[in-house]
Each structure stands twice: as C-alpha cells, then as structure tokens.
Amino acid sequence: MEKTLTQLGLEYLDAAQKMDSLIRKCTKDLKDATERRDYRACLLLKQKRLCFYSQKRDLMETAYKLQNYYNRKERNLIE
C-alpha cells in the first residue's frame, strides 16, 4: 500500500494526538502519586512524561516535514 507524504504526515499527527492522551494520563497519575507522597513514583512519572513530550515533539516535527516536503522543494527552485 503506497501512501503520499501528506497522508504519512497526517498519520504522524494522529500519533501525536495519542501522545497527548498518554501525557494527560501520566499527569493525572503524577498528581495522585504526589497526594500519596510516593516520591519515587513521582520521579518515574516525571521522567516518563518528559519522554512523552519529547516523542510528541519529534512526531510533530516529522509530520510538518512530510506535509511540507514539496513546498520546500518548489521554494528552492524558485530562488
């Protein structure tokens, strides 16, 4: 099955939205761990959340590059 770059970019954006739900869940768990004063769990959840944010940022950058790949090429030819 062949897909265009725009379709792949949209898939990456969908994955980034899924990362948002994981981030929200992790934030909720972090709040619960803070209320329980489970500092070890807090540390692990903070690290996990940072990892999710990093992955989301990478997904968004890749989606942008895929969706705008041809536009960038056309701009270079014009200049």
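**Figure 1. Close-up of C26, a buried cysteine.** The relative accessible area of C26 is 3%, and the residue therefore counts as buried. The view is taken from a predicted model. C26 belongs to helix α1, where G9, A16, M19, I23, L30 and A33 are buried as well. What covers the buried residues of α1 includes helix α2.

**Figure 2. The sulfur atoms of C26 and C51.** A disulfide is a covalent bond between the sulfur atoms of two cysteines. How far is the sulfur of C26 from the closest cysteine sulfur? The closest one belongs to C51 and lies 9.8 Å away, which is too far for a bond. For a pair to count as a disulfide, the two sulfur atoms must be within 2.5 Å. The structure as a whole holds zero disulfides.

**Figure 3. C42 and the residues it touches.** With a relative accessible area of 7%, C42 is buried. Leaving aside residues up to four places away in sequence, C42 touches L30, A33 and T34. Of these neighbours, L30 and A33 are among the buried residues of α1. C42 itself is one of the buried residues of α2.

**Figure 4. The largest nonpolar core.** In soluble globular proteins, nonpolar side chains tend to be buried together. Here the largest nonpolar core has 11 residues: A16, M19, I23, C26, L30, A33, A41, C42, L45, F52 and L59. The elements that each give two or more residues to this core are α1 and α2. Which of the elements gives the most to this core? It is α1, with six residues.

**Figure 5. Helix α1 from end to end.** Helix α1 covers residues 5–36. This helix has 32 residues, and its first and last C-alpha atoms are 46 Å apart, close to the 46 Å expected at 1.5 Å a residue. An α-helix has 3.6 residues a turn, so residues three or four places apart point the same way. Among the buried residues of α1 are A16, M19, I23, C26, L30 and A33.

**Figure 6. R37 in the loop between α1 and α2.** R37 follows α1 and has a positive phi, near 60°. Most residues other than glycine have a negative phi, and most peptide bonds are trans. R37 is a residue other than glycine, yet its phi is positive. Is R37 buried or exposed? Its relative accessible area is 63%, so R37 is exposed.

**Figure 7. Helix α2 from end to end.** At 1.5 Å a residue, the 29 residues of α2 should span 42 Å, and the end C-alpha atoms are indeed 42 Å apart. The buried residues in this helix are A41, C42, L45, F52, L59, A63 and L66. Of the elements of the protein, α2 (residues 39–67) has the highest mean pLDDT, 95.

**Figure 8. Helix α3 and the chain as a whole.** Helix α3 (residues 69–78) has the lowest mean pLDDT among the elements, 60. Over the protein, pLDDT averages 88, and 89% of the residues score at least 70. There are three helices and zero strands, running α-α-α from the N terminus on. Of the 79 residues, 18% count as buried. The accessible surface comes to about 6,600 Å², and 54% of that surface belongs to carbon and sulfur atoms. Among contacts between residues at least 6 apart in sequence, 69% join residues at least 24 apart.

Definitions and conventions: Residues are numbered from 1 along each chain as its sequence is written. This is a predicted model: local features need pLDDT of at least 70, side-chain atom pairs count only at pLDDT 80 or more; totals for chains, interfaces and linings use all residues. Side-chain values use heavy atoms; hydrogens and water are left out. Buried means under 20% relative accessible area, exposed over 50%, partly exposed in between (1.4 Å probe, protein chains only). pLDDT is the predictor's confidence in each residue, from 0 to 100. Helices (H or I, at least four residues) and strands (E, at least two) are DSSP runs, numbered from the N terminus. Contact means heavy atoms within 4.5 Å. Accessible areas come from the Shrake-Rupley method with a 1.4 Å probe; for residues, only the protein chains shown count as cover. The expected span of a helix is 1.5 Å times one less than its number of residues. A nonpolar core is a set of buried Ala, Val, Leu, Ile, Met, Phe, Trp, Tyr and Cys residues joined through side-chain atoms within 4.5 Å.
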